[in-house]
Amino acid sequence: MPTLADILYEFSVWHEIGGSPFKPRAYALAAESVTALGSDVKDTWRTGGVKALVALPGIGRSIAEKIDEYFRTGHIKEYDMMKKRFPVDITGLTRIEGLGPKHLAELYRRLGITDLAMLKRGLTRHEIRSLPGWGVKSEERLAKNLALMERSSGRHLLSEILPMADDIVAILSKIPGVRRCVYAGSLRRRQETVGDIDLIATTDTPARVMDAFVALPLVEAVHEKGKTRSSVRLRNGIDADLRVVPDEVFGATLQYFTGDKRHNVLLRERALSKRLTLNEYGLFRLAKKKMGERLACATEEDIYARLDMETPPPEIRGGGDEIEAAWTKTLPHLLPYGSVKGDLQVQTDWTDGSASIGDMVTAAKAAGLSYLAVTDHTKALAFIHGLDDVQVKKQGRAIDALNRKLRGFRVLKGTECDILRDGGLDLKDSTLASLDWVGVSVHSLFNLPRKAQTARVVKAIANPNVDCLFHPTCRIIGKREGLDLDMDEVIAAAKKHRVALEIDAYPDRSDLRDIHVRAAVQAGVKLAIDTDAHTPDHFRFIPFGEAIARRGWATTADVVNTKSAKDLLAYLDKKRKRRVS
Ligand SMILES: [Zn+2]
């Protein structure tokens, strides 16, 4: 049985195929909202029925009635009917970038393709290139995107797994006798995608902890249950392992399972040079090539201190120069979580966001922020009714009026101005100059060759009105490789024109990536950490952006929106002496 979110998404696709102008977006937003709310949706329905569902973000009356039917009967009649008429694995196939609803309909009607296996057969037989509107190039691109999707499956987005791991840790930590319970691995290093969950606990009651672990409601199957290690598969398909270790070696186990592998190899070399040996059970003296006495390793700090090193934050343990920096005691003071004070990329219901500016302000406040920039799309994105110069001015007046009423919160006038094919911008310079914050970004022609794409982006950020390049590479994890850009050239241009590069924290974007952040920081280019919020719930993505900044060795000073609104505006004013108010 598909999940409620899958069903709503399929409705969106069906309406798209049917040519409905508004329903596809309404259903897509509802699907996203249901995903974000998780089990809260059912709780809301239980206490307040249809009426309470309508009060949830992104859910209108007719969708609320379908959700009600789903919870009451376990089915939605209209869904079952549609499924018979169009028996296509929409959820599976739309994981491939570039396969939109209209394509699915075409592939089904002309070639009878209903799932991934049939699509693959169609590709190997080269049946797809001969469809009207396709061709060799588009068939090749589809094959490439399919391969990319398959390569990345089995890994999960950090944003999906982290809340789950936090829940598990919270549940296990409450069991009497448990002293410590944490997760390690790629999750602790905050990699953008995670392959599995490694948990480590110390406890006086190991049997009880293992019983509780395998009985968690999230668990779908138990691979193995033992006294010191158990392994399960969770409902979303990810594996989780729990190890119970003695208190006195907790630091060694945590260090070992945090990794990454290269970091640990270099650390073991360092230990050997001090006639010590390091493994998951501890740090030991080497005596005649045999393991001797175990040294203190209850904490990671014990181990690194014994190796005469600072303890590198998990986010930068990648087996590169963090080892040298820890050794020479020159590790950077990474930007702490909670440093971002305002969100500089927010979409509202003026374009493709789900909520009004006022509702986004309320949500941003609740998330602990003190300002946001409204950055709706511009007219080049006609299908979401992007704003033109007149509408941007009108929105500015609405923001002025709102700011007069707000206390302790500031709304900045901004834009996510489209970068056109030739690197020109989608709004007049005079409009851009009237805004507090100008972000620019690419939303079309993702496949231009490297030289042309780089020139396009560099030209856009050379416009003196531009403050920030949003989601610079445009990659979508598991779906789109991203623009073929010469990042060195983009970073150099950002430096020259004093344009910030965005870390877009929207989970499947995570764009810039850590390596680009590192290069930007080294070049002295400023960063902005934004959520790209399209619903009030999206402000929760900020810590994921902060994690990418940390992985790229960024400090507070590198990120412009760690400043207060007042300081940020003063900084921008100084940067471009052209602001008209
Ligand atoms: Zn965008």
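Are H443 and H471 buried or exposed? In this predicted model, H443 is buried, and H471 is buried too. Both histidines serve as protein donors of the zinc ion, each through NE2. The site also includes E416, which contributes OE. These donors lie 1.9 to 2.2 Å from the metal. Along the chain, their spacing reads E-x26-H-x27-H. The histidine pair links distant parts of the chain, 28 residues apart. H443 sits in the loop between β14 (437-441) and α20 (450-461). H471 occupies the loop between β15 (468-469) and α21 (487-497).

The strands β14 and β15 belong to an open sheet of seven strands. The order is β11-β12-β13-β14-β15-β16-β17, with parallel pairing. The edges are held by β11 (342-346) and β17 (527-530). Each edge strand has a single partner, so one of its sides is left without a neighbour in the sheet. Helix α23 (residues 542-551) packs on this sheet. The helix touches β11, β16 (500-504) and β17. Its direction makes about 150° with that of β17. Within the sheet, β14 and β15 run parallel and are joined by two bridges. V440 stands opposite L469 of β15.

A further buried position is T258, in helix α13 (residues 250-258). T258 counts as buried because its relative accessibility is 0%, and buried means under 20%. The T258 side chain reaches the backbone oxygen of L254 at 2.6 Å. Beyond residues up to four places away in sequence, T258 touches A184, G185, R188 and R189. E300, P314 and R317 are also among the residues that T258 touches.

Terms used:
Residues numbered from 1 in each chain as written. Predicted model: local features only at pLDDT ≥ 70, side-chain atom pairs only at ≥ 80, totals over all residues. Heavy atoms only, no water. Donors = N, O, S within 2.8 Å, 3.2 Å for Na, K, Ca; no water. Helix = DSSP H or I, 4+ residues; strand = E, 2+ residues; numbered from the N terminus. Buried < 20%, exposed > 50% of the residue type's maximum accessible area, 1.4 Å probe, protein only. Polar contact = N/O pair within 3.5 Å; in protein donor to acceptor, adjacent residues only side chain to side chain. Contact = heavy atoms within 4.5 Å. Pairing = 2+ DSSP bridges. Axes fitted to C-alpha atoms, helices over the stretch in contact; angles between N-to-C directions.
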